[in-house]
Amino acid sequence: MFLRLILLLGLLSGLPVYALPLYQNDFESLDVNGWSDGGVELAPNGSTRFLGLFARNQATTFTLGGLTPGRSLLFQLDLYINRSWDGNSNAFGPDLFTVEVVGGPILLQTTFSNTGLPGFEQSFPDPWNPGSPAVNAPRTGALAVNTLGFATEGDTTYRLVLPVTPVSSVLELRFSGLNLQDFTDENWGIDNVMVETVVPEPSTVLLLLGGLGLLAGWRSYQRH
Ligand SMILES: [Ca+2]
Ligand SMILES: [Ca+2]
Ligand SMILES: [Ca+2]
């Protein structure tokens, strides 16, 4: 949060802030290095290539090395939720998606829905709570809807931005579905992956903190 605030303030103020990309992949070059499972799929309408397709309880693990332990990263990706995901439904799910650090914390666990039926709402953007699931309309928080050409119930794109702090020089992130049906009913894919480390210049941090201090002082002065 602090890094993102510094980045935002730095961008607004024009002071130097660096977002260093460590990894980027839109899968158009068919490169799946670093991914344990999945191949490159072409969207049914030919608009893009992505890592997939995953169905049932399938998973893929992404491994990135050469990291500095303790230095925060931003992991961004586009998640494609395709066909008849049923969200919180007990009868046909719950259709769960999880991102976790292998041997570490769960970064995201939630349900998604592409159907409009009562009882088939989704938990996203809230986390999955099995005792009392959050009730959000299907496709809440979507970046795009029906852009890939999947039949019948369509497809929904979510842009996930997950802050993560590696505890060693190697980070393993595991992406998995749970309770999904076969590919023809419910599947998912990953695209536009970007991992970056946000590095503010020391002078930028000092100037911004100094500026915030002056602002607080001025407001305090005005009140008196
Ligand atoms: Ca792509
Ligand atoms: Ca379904
Ligand atoms: Ca289902």
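## The largest pocket

The residues that line the largest pocket divide into ten nonpolar, four polar and one charged. This is a predicted model, and in it the pocket has a volume of about 180 Å³. Of the 15 residues in the lining, Val101, Thr165, Pro166, Val167 and Leu171 lie nearest the centre of the pocket. Two strands, E9 (155-164) and E10 (171-178), are the elements that give two or more residues to this lining.

## The calcium ion (ligand 1)

The calcium ion (ligand 1) is coordinated at 2.2 to 2.7 Å by Asp26 (O), Glu28 (OE), Thr48 (OG1), Arg49 (O) and, through two OD atoms, Asp191. Along the chain, the donors of this ion follow the spacing D-x1-E-x19-T-R-x141-D. Asp26 lies in the loop between strand E1 (17-25) and strand E2 (39-42), while Thr48 lies in the loop between E2 and strand E3 (49-54), so the pair ties together parts that are 22 residues apart in sequence.

The six donor atoms around the calcium ion (ligand 1) subtend angles of 51 to 158°, and the arrangement is therefore irregular. As for the surroundings of two of these residues, Asp26 is partly exposed, with a relative accessible area of 37%, whereas Thr48, with a relative accessible area of 13%, is buried.

## The calcium ions (ligands 2 and 3)

The protein donors of the calcium ion (ligand 2) lie 2.3 to 3.1 Å from it and are Ser84 (O), Ser84 (OG), two OD atoms of Asp86, Gln181 (OE1) and Glu186 (OE). The angles among the six donor atoms of this ion run from 45 to 153°, and the site is irregular. In sequence terms, the donors of the calcium ion (ligand 2) follow the spacing S-x1-D-x94-Q-x4-E.

A distance of 3.8 Å separates the calcium ion (ligand 2) from the calcium ion (ligand 3), and Asp86 coordinates both. Because Asp86 lies in the loop between strand E5 (73-83) and strand E6 (96-101), and Glu186 in strand E11 (residues 186-200), the pair ties together parts that are 100 residues apart in sequence. Both Asp86 and Glu186 are buried.

## Gly93 in the loop between E5 and E6

Gly93 is also placed in the loop between E5 and E6. Its relative accessibility is 18%, and because buried means under 20% relative accessible area, Gly93 counts as buried. Although Gly93 and Leu178 are 85 residues apart along the chain, their C-alpha atoms are separated by 8.3 Å.

Technical notes. Residues numbered from 1 in each chain as written. Chains lettered and ligands numbered in written order. Predicted model: local features only at pLDDT ≥ 70, side-chain atom pairs only at ≥ 80, totals over all residues. Heavy atoms only, no water. Donors = N, O, S within 2.8 Å, 3.2 Å for Na, K, Ca; no water. Tetrahedral: all angles 85-135°; square planar, octahedral: opposite > 155°, others 65-115°. Helix = DSSP H or I, 4+ residues; strand = E, 2+ residues; numbered from the N terminus. Buried < 20%, exposed > 50% of the residue type's maximum accessible area, 1.4 Å probe, protein only. 1 Å grid on protein atoms, 1.4 Å probe; cavity = no way out; pocket = protein on both sides within 12 Å on 5 of 7 lines; lining within 4 Å. Points joined across faces, edges and corners; volume = space filled by probe spheres on them. Nonpolar A, V, L, I, M, F, W, Y, C, P; charged D, E, K, R; others polar.
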